Amino acid sequence: MVDKQRVIPLIVATALFMENMDSTVIATSLPAIAADIGTSPLTLKLAITSYLLSLAVFIPASGWTADRFGARMVFAIAVGVFMVGSVGCALSSSVTDFVFARILQGMGGAMMTPVGRLVLLRSVDKSALVNAMAWVTVPALIGPVIGPPLGGFITTYASWHWIFLINIPIGLLGIFMALRFIDPIKSETQEPFDLYGMVLAGIGLAGIAFGLSVAGLNLLPWSTVAALVVGGAISMTLYVLHARRTGSPVLDFSLLRLPTLRAAVFGGFMFRLGIGALPFLLPLLMQIGFGLSPFHSGLVTFASSLGAMGMKTLAARLIRTFGFRNLMTVNAIVSAFFLAVCALFTVTTPLLIIMVILVVGGFFRSLEFTAINTVAYADVETGQMSRATTLVSVNQQLAVSAGVAVGAACVETTMWVHHVSEIDATMFAPAFVVVALTSAASSWFFWQMPVDAGHEISGRKAVEIASRKGAAKRAANAAVKTATEDTQDVRDQRLG
């Protein structure tokens, strides 16, 4: 008999492995890809942004699609689409080809990760959710660990085209495991698909995020950029009005009434916005600022993910000891501090010190991500899980997209202030400070959660009950001892 409590998290981790490795490989190889297709690294960030935007646009349909057609089939098809997009990236010869291939990858990623998370939430009891998330995340973190050095090695000693073909055998393994072990889970109640809401939300999210990401790159006229942002804002406003009148919206904002989900969405957005800029800024600093090869750059930047892997074995114990609210509030500031330290990196900074800082910082960042991803579903009912996973997934991808845009905008602004046209190492420091302050601001949202937020899934409630029982027992023993001593005093006084 196969223990599906562990196999299903590993299957979900296969999808996360592909996504995470793919994103870190691209970040490491971005300068080489840009030089080969004749563009700048900052311009080529459109490839990263377009992928994240594609995720944001199509994720809203993931929950309904899984309920309607079964999670197993949707997951397998999504992995296949991601593989086709990977082949398209490898065959690209221009920025346009590359962006379209990344959009296709995003369509696949928009289904496989949220659907996998939905399967996990429906298969695992809430009391075991923290450990299940650890089982999911540990294998998935192997992608970022081997992605930078592997991508750097292939880019330096072979050709960047091959970094996308790595997804093919991994994807085939994921499809086989999904068809073999995942049950065809469908919702018992079939809700109508909110097509009108899907269109409004898609246009709104794409317009705002894409418009902000291309601002300052001189790729589009300012009038076009303004039209994208304004049009996206109008579309999202219309969606919010529409969502209040429909019983099955693709993005159910009414779930934000739950304090734990609200903190995970708003606080998580701020935290991810800052941290999401790190995989974009750090490889550029290593390669363009310090002159390292993609391979050596990857060997340095993989340290962040190595620290993240080391944390996973302690996550459940730390959350159970300190509780979600206390841990997330303090740890957000600690994580932001290590992000800000990257602003002090110079050409003369020893690589060993850089790697140590990245390892320690990765430990705290991963702890925060685990807590955010888990507490988001602490108060969500089973019938609302599909909508909750959709809302959380959209929020996550928009935050990372915004982080890349903010990081690039800070570098461009610094270059404009200093009146320079070439990037050097000094141009990155302000960007690291800005994104670190943004991440630190998330602690305010986490502090707004109830003191006992998520106790049922962290196990802290059981610890506190045991602690209270122990205190009560100690108090009772002390009372008996005091009464005995008092009785002895009275007897001694009477006999005296």
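In this predicted model, Leu-278, Leu-282, Pro-283, Met-286 and Gln-287 of helix 12 are in contact with Pro-294, Ser-297, Val-300, Thr-301 and Ser-304 of helix 13. The residues of this contact comprise six nonpolar, four polar and no charged ones. The protein chain that holds this helix pair has 21 helices and zero strands.

**Geometry of the helix 12 and helix 13 pair**

- Two packed helices are described by the angle between their axes and by the distance between those axes.
- Helix 12 spans residues 278–289 and helix 13 spans residues 294–311; the two pack at an angle of about 140°, and their axes lie 9 Å apart.
- Helix 12 is therefore oblique to helix 13, since only angles over 145 degrees count as roughly antiparallel.
- The two helices make a right-handed crossing.

**Burial of helix 12 and the residue that follows**

- Helix 12 is mostly covered, with 10 of its 12 residues buried.
- The buried residues are Leu-278, Phe-280, Leu-281, Leu-282, Pro-283, Leu-284, Leu-285, Met-286, Gln-287 and Gly-289.
- Among these buried residues are Leu-278, Leu-282, Pro-283, Met-286 and Gln-287, which are also the helix 12 residues that meet helix 13.
- An α-helix has 3.6 residues a turn, so residues three or four places apart point the same way.
- Gly-291, just after helix 12, adopts a positive phi of about 75°.

**The largest nonpolar core**

- The largest nonpolar core contains 139 residues.
- Within this core, Leu-285, Phe-324, Met-328, Tyr-377 and Phe-432 touch the most other members.
- Helix 1, residues 4–37, gives the most to this core, contributing 15 residues.
- Leu-285 links two of these topics: this residue is one of the buried residues of helix 12 and one of the core members that touch the most others.

**The chain as a whole**

- Of the 496 residues in the protein chain, 54% are buried.
- Among the contacts in the protein chain with a separation of 6 or more, 84% join residues 24 or more positions apart.

**His-419 in its loop**

- His-419 is located in the loop between helix 17 (385–417) and helix 18 (429–440).
- The phi of His-419 is near 55°, which is a positive value in a residue other than glycine.
- His-419 counts as exposed because its relative accessibility is 73%, and the cut-off for exposed is over 50%.

Notes: Residues are numbered from 1 along each chain as its sequence is written. This is a predicted model: local features need pLDDT of at least 70, side-chain atom pairs count only at pLDDT 80 or more; totals for chains, interfaces and linings use all residues. Side-chain values use heavy atoms; hydrogens and water are left out. Axes are lines fitted to C-alpha atoms, for helices over the stretch in contact, and angles run from 0 to 180 degrees between N-to-C directions. Helices (H or I, at least four residues) and strands (E, at least two) are DSSP runs, numbered from the N terminus. Angles under 35 degrees count as roughly parallel, over 145 as roughly antiparallel, 65 to 115 as roughly perpendicular and the rest as oblique. A crossing is left-handed if the near helix is turned anticlockwise from the far one by less than a right angle, and right-handed if clockwise. Contact means heavy atoms within 4.5 Å. Ala, Val, Leu, Ile, Met, Phe, Trp, Tyr, Cys and Pro count as nonpolar, Asp, Glu, Lys and Arg as charged, and the others, Gly among them, as polar. A nonpolar core is a set of buried Ala, Val, Leu, Ile, Met, Phe, Trp, Tyr and Cys residues joined through side-chain atoms within 4.5 Å. Buried means under 20% relative accessible area, exposed over 50%, partly exposed in between (1.4 Å probe, protein chains only).
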